[in-house]
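Visitor: Could you walk me through this chain, beginning with how its strands are joined?

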Amino acid sequence: AAGGAVGWGTGKSGRLVGGARHDGLTGFWVVGLAGPIAQVGAGFAFSCGLLESDGVQCWGSNSHGQLGDGSGSTQSLSPVDVTGITDAVAIDLGQRTACAVRAGAGVMCWGQHVSGQAGDGTGTEASTPVARTAFSTAVAPPQCAVHASALRTPVRVVRWLTPSPGR
């Protein structure tokens with residue numbers, strides 16, 4: 001279906017198909033999206049879709065709040081709305097962290113933040129999005145696997161992380 005998402009491979013925690021746990025070599029449509037999607041991202045045991053309506057929905061594991069709905073559940077087999085994101089223009093997912101750039105050019109992140117991936121200075125997990133007010137001019141989402149960075153206008157890459165060799 002136009003604007004839908006297909007997943008395949010290991011479906012542990014429901015991260016691929018939204019609505020079922022499935023290990024498959026062929027694709028399966030994500031079930032339960034609130035509308036057509038413009039972008040899909042995959043993390044470790046969870047996935048998210050940026051809806052054409054500018055909202056974000058995530059499904060799969062929620063072990064570190066990476067679904068962004070604040071529910072405290074350990075997983076969702078169906079897509080759930082990320083709290084407070086209604087104007088996203090891009091998303092990026094890391095292992096257990098997700099970030100979105102908002103239409104107003106701000107960055108919000110949620111999920112695991114033990115290495116400072118959210119960039120909010122706390123290192124605390126966030127089960128709902130945390131605003132990064134210092135990045136009010138971001139135009140591309142952070143790459144948020146273990147570290148995070150954001151593209152700003154005028155073009156300048158800004159990075160935040162826990163210092164360690166090679167990062």
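Guide: We can start with E5 and E6, two strands that run antiparallel and are joined by 4 bridges. The model is a predicted one, in which local features need pLDDT of at least 70 and side-chain atom pairs count only at pLDDT 80 or more, while totals for chains, interfaces and linings use all residues. Residues are numbered from 1 along each chain as its sequence is written, and side-chain values use heavy atoms, with hydrogens and water left out.

Visitor: Which residue in E6 does Gln57 stand opposite?

Guide: Gln57 has its place in strand E5, strands being DSSP runs of at least two residues, numbered from the N terminus. The side chain of Gln57 makes a polar contact of 3.1 Å (a pair of N or O atoms within 3.5 Å, one able to donate a hydrogen and the other to accept it) with a side chain in the partner residue. The residue that stands opposite Gln57 in E6 is Asp81.

Visitor: Is Gln57 buried or exposed?

Guide: Leaving out residues up to four places away in sequence, Gln57 is in contact (heavy atoms within 4.5 Å) with residues including Leu33, Cys48, Pro79 and Val80. The terms rest on relative accessible area, with buried under 20%, exposed over 50% and partly exposed in between, using a 1.4 Å probe and protein chains only. Because its relative accessibility is 4%, Gln57 counts as buried.

Visitor: Which strands stand at the edges of the open sheet E3-E4-E5-E6?

Guide: This sheet has 4 strands with antiparallel pairing, where two strands pair if DSSP finds at least two bridges between them. Two of the strands have a single partner strand each, so one side of each is left without a neighbour in the sheet, and these are E3 (37-42) and E6 (75-81).

Visitor: In the open sheet E7-E8-E9-E10, which residue of E9 is the bridge partner of Val101?

Guide: That sheet also has antiparallel pairing among its 4 strands, and E8 is joined to E9 by 5 bridges. The bridge partner of Val101 in E9 is Val107.

Visitor: How many residues does the largest nonpolar core have?

Guide: A nonpolar core is a set of buried Ala, Val, Leu, Ile, Met, Phe, Trp, Tyr and Cys residues joined through side-chain atoms within 4.5 Å. Among the residues with the most contacts inside the largest core are Val56, Ile85 and Trp110, and the elements that give two or more residues to this core include E5 (56-61) and E9 (107-111). The number of residues in the largest core is 16.
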